[in-house]
Amino acid sequence: MEKRLSLRQRLSQATWGWYSASMATGGIAVLLYNTPHQFTGLETIGKIVYIFNIVLFVGISLCMVVRFCSSPPALKESVRDPSETHFIATCPLAVATIILGASSYGTDACGPWLLAALHAVFWVYVTASVVQAIAHNWYLYHRRMASQQPMAIVRCLPSFPAMLSGTIAAGLASDQPAGRAVPMIIAGTTLQGFGFVMTLFVYSEYFYRLNKDGLPDLHDRPEMFIAVGPWSFTALALIGMAEAAVEKVPAGYIVSSATDTAVAVATGQIALVLASLVAIFLWMLALYCLCIAILSMLAPCRALGGEGRVPMSLAYWSMVFPNTGFVIATIRIGQVLQSEPVLWVASAMTIVQVGTWLGVGLVTMWKIVHAFMYQ
């Protein structure tokens, strides 16, 4: 008879991928704040989800500390493991949702000190995410990890935290003084572009493999939803930063290099028009990736002639965070177009997204309880 694992041994089984649960939960808290059709008590529910996410993040971090302290080589092994190393990025992504949640729920409740703190945190996050993107991607190239990780779309994760700098800037800049907001918008645009273009390189292989080899294995299919994220977060970040630019960027901010004089254009308004059009363009690409992922998940169902459902795993959390970005992008597009039908569709999508989060969360908790009781 096998000996049951101790609590310490079970906690040591935590992996970097567990941060995807915190990342998804933080995204839901931000989504509830941005939902266009609010009802009494929804903000309170959002705050509860946000606080729960902080507790969840701390809990996962403690489990990771237990793992690495129990076995010092475990940290190096996690970086070298091709099935785990890409998910290191889920930790800074979870931090990004905490920063956005603090801005959403704390700005009105706290004094100016929070704005100053978020400004400092933003630049710390930008610096850390850039260093992480360069170092982690270089390491993956050096170790030739691409040949060991067949799921191509996963390889965009190391650049994802840097890309989220644009989303954070979109959430924070509108509440900051103009002197702080403008550099944040420029930095956010810079890193949003960097992360998005890095993702395009991965997309080329991802779609090539889908065309050449067909759908991925069943246990990898939930990760196809990751492909929804870069399009969606770029769309919402561009609109958010452009909206902040309308208020914070001076009308003659653009300078002619030939005459060294300011060009008399409404910089922020032009940025908003361009950002909105580009966002609509990217939104359709996100919808395409979303539909492909949904159909791929449904294909194994017996009702459709398949062999059975996709087995439950941590990969299911990939269905939450990228799709949350898609819903928020839909909200932003509905707001700039002043389209009430689009906003009602976004509200319906919010309900579906919260239901997905609850479903994945309940199944995850059931699996954990089952493991503790019977294994």
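What follows is a set of questions and answers on a predicted model.

Student: How many salt bridges are there in this predicted model?
Tutor: Side chains of opposite charge can pair when their charged atoms come close. The cut-off here is 4 Å between a side-chain nitrogen of Lys or Arg and a carboxyl oxygen of Asp or Glu. By this rule the count is five.

Student: Which residue forms a salt bridge with Glu43?
Tutor: Start with the helix. Glu43 sits in H3, residues 42–70, and its partner lies four residues away there, so about one helical turn separates the two. The closest N and O atoms are 3.9 Å apart, within the 4 Å limit. The partner is Lys47.

Student: Is Glu43 buried, partly exposed or exposed, and what is its relative accessibility?
Tutor: Buried needs under 20%, and exposed needs over 50%. Glu43 falls in between, so it counts as partly exposed. Its partner Lys47 is also partly exposed, with a relative accessible area of 34%. For Glu43 the value is 42%.

Student: How many residues apart in sequence are the parts that Arg155 and Glu205 tie together?
Tutor: The side chains of Arg155 and Glu205 meet in a salt bridge, 2.5 Å from N to O. Arg155 lies in the loop between helix H6 (112–142) and helix H7 (160–172), while Glu205 lies in helix H8. So the pair ties together parts whose separation in sequence is 50 residues.

Student: Which residues are joined into one network by salt bridges that share partners?
Tutor: Glu205 also meets Arg209 in a salt bridge, 2.8 Å from N to O. Those two are four residues apart in helix H8, about one helical turn. Shared partners then join the salt bridges into one network. Its members are Arg155, Glu205 and Arg209.

Student: Which of these counts as buried: Arg155, Glu205 or Arg209?
Tutor: Buried means under 20% relative accessible area. Glu205, at 27%, is partly exposed, and Arg209, at 29%, is partly exposed too. At 12%, the buried residue is Arg155.

Student: What is the nearest side chain of opposite charge to Arg221, and how far away is it?
Tutor: Arg221 lies in the loop between helix H8 (178–213) and helix H9 (228–248). Arg221 is buried, yet has no salt bridge. The nearest side chain of opposite charge is Asp217, at 7.0 Å.

Student: Which backbone oxygen does the side chain of Arg221 reach?
Tutor: Leave aside neighbours within four places in sequence. Arg221 is then in contact with Leu215, Pro216, Ser296, Met297, Ala299 and Pro300. The backbone oxygen in question is 3.0 Å away. It belongs to Pro216.

Student: What covers the buried residues of H10?
Tutor: Helix H10 spans residues 267–298. Its 32 residues reach 46 Å from first C-alpha to last, close to the 46 Å expected at 1.5 Å a residue. Its buried residues include Ala279, Leu282, Ser296 and Met297. The cover includes H8, H9 and helix H11 (321–337).

Student: How far does H3 reach from its first C-alpha to its last?
Tutor: H3 has 29 residues. Among its buried residues are Tyr50, Phe57, Arg67 and Phe68. The reach is close to the span expected at 1.5 Å a residue. From first C-alpha to last, H3 reaches 42 Å.

Student: Which helix gives the largest share of the largest nonpolar core?
Tutor: The core has 100 residues. Those that touch the most other members are Trp16, Ile28, Phe122, Ile153, Phe160, Ile168 and Tyr206. The largest share of this core is eleven residues, and they come from H8.

Student: Which residues does Phe122 touch, not counting residues up to four places away in sequence?
Tutor: Phe122 is one of the core residues that touch the most other members. Another is Ile168, and Phe122 touches Ile168. The full set is Ser165, Ile168, Ala169, Leu172, Met184 and Ala187.

Student: Is Trp366 buried or exposed?
Tutor: Trp366 is in helix H12, residues 340–374. The bar for exposed is over 50%. At 55% relative accessibility, Trp366 counts as exposed.

Terms used
Residues are numbered from 1 along each chain as its sequence is written. This is a predicted model: local features need pLDDT of at least 70, side-chain atom pairs count only at pLDDT 80 or more; totals for chains, interfaces and linings use all residues. Side-chain values use heavy atoms; hydrogens and water are left out. Buried means under 20% relative accessible area, exposed over 50%, partly exposed in between (1.4 Å probe, protein chains only). Lys and Arg count as positive and Asp and Glu as negative; His and the chain ends are not counted. A polar contact is a pair of N or O atoms within 3.5 Å; within protein, one must be able to donate a hydrogen and the other to accept it, and residues adjacent in sequence count only if both atoms are side-chain atoms. Contact means heavy atoms within 4.5 Å. The expected span of a helix is 1.5 Å times one less than its number of residues. A nonpolar core is a set of buried Ala, Val, Leu, Ile, Met, Phe, Trp, Tyr and Cys residues joined through side-chain atoms within 4.5 Å.
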